[in-house]
Amino acid sequence: MLMQGFAGFMWLLYLAMLAMAVVAFVMAALFREDAYRAADKQNKGFWLIILGIAVAVNLLVPILFLQLAGLVASIVFFVDARPALQQVSPRRRGRGSSSDGPYGPWNGGR
């Protein structure tokens, strides 16, 4: 009974690491190449290779040490690179116009 619980926990852990690596890979692919240069981070190809290897390792090689290395790469992307990339990238949400300032829309002095 205890071994089934441990196996279930390990399966959930592997699934969580795979999900995190896939999400990090997709997010890295969505940012433009020039955003990486503007944020002074490694280039887009570097992150796509590292995170792609993390996804492949999680899918193909069930070795915990390699999966943990992929988890570390995903965490570094989420904690370091992604916030810097979001800061230099334009907002894509469509919540305003090009005349909006940092404190709201510019209304021309009205």
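Here are some friendly notes on the predicted model shown above.

1. **Helix α3.** A good place to begin is helix α3, which covers residues 44-60, 17 residues in total. From its first C-alpha to its last it reaches 24 Å, close to the 24 Å expected at 1.5 Å a residue. Try finding its buried residues: K44, W47, L51, A54, V55, V57 and N58. When you look at how they are spaced, keep in mind that an α-helix has 3.6 residues a turn, so residues three or four places apart point the same way.

2. **The largest nonpolar core.** This core has 14 residues, and those touching the most other members are A24, A28, Y36, W47, L51, F77 and L85. Helices α1 (2-30), α2 (33-38), α3 and α4 (64-88) each supply at least two residues of the core. Which helix gives the most to it? That is α4, with six residues. For one example of the packing, look at A24: leaving aside residues up to four places away in sequence, A24 touches L51, S74, F77 and F78.

3. **Y36, a residue to zoom in on.** Y36 lies in helix α2. Is Y36 buried or exposed? Its relative accessible area is 0%, and buried means under 20%, so Y36 counts as buried. Not counting residues up to four places away in sequence, Y36 touches A28, F31, K41, Q42, N43, K44, W47, F77 and L85. Y36 and V88 are also worth viewing together: they are 52 residues apart in sequence, yet their C-alpha atoms are 8.7 Å apart in space.

4. **Two salt bridges.** How many salt bridges does a search of the whole structure find? It finds two. In one, the side chains of R32 and D34 meet, at 2.6 Å from N to O; D34 is partly exposed, at 32% relative accessibility. In the other, D80 pairs with K41, and the closest N and O atoms are 3.0 Å apart. This pair links distant parts of the chain, since D80 is in helix α4 and K41 is in the loop between α2 and α3, 39 residues apart. Both partners are partly exposed: D80 has 39% relative accessibility, and K41 has a relative accessible area of 25%.

5. **A nonpolar patch on the surface.** Finally, turn to the outside of the model. M3, F6, F9, L13, L64 and L68 form a nonpolar patch there, with about 570 Å² of accessible area together. Helices α1 and α4 each supply at least two of the patch residues, and α1 gives the most, with four. One of the patch members, L13, is found in α1 and is partly exposed, at 31% relative accessible area.

Key
Residues are numbered from 1 along each chain as its sequence is written. This is a predicted model: local features need pLDDT of at least 70, side-chain atom pairs count only at pLDDT 80 or more; totals for chains, interfaces and linings use all residues. Side-chain values use heavy atoms; hydrogens and water are left out. The expected span of a helix is 1.5 Å times one less than its number of residues. Buried means under 20% relative accessible area, exposed over 50%, partly exposed in between (1.4 Å probe, protein chains only). A nonpolar core is a set of buried Ala, Val, Leu, Ile, Met, Phe, Trp, Tyr and Cys residues joined through side-chain atoms within 4.5 Å. Contact means heavy atoms within 4.5 Å. Patches are made of residues with over 30% relative accessible area and no salt bridge: like charges are joined within 9 Å, nonpolar side chains (Val, Leu, Ile, Met, Phe, Trp, Tyr) within 5 Å. Accessible areas come from the Shrake-Rupley method with a 1.4 Å probe; for residues, only the protein chains shown count as cover. A salt bridge is a side-chain nitrogen of Lys or Arg within 4 Å of a carboxyl oxygen of Asp or Glu.
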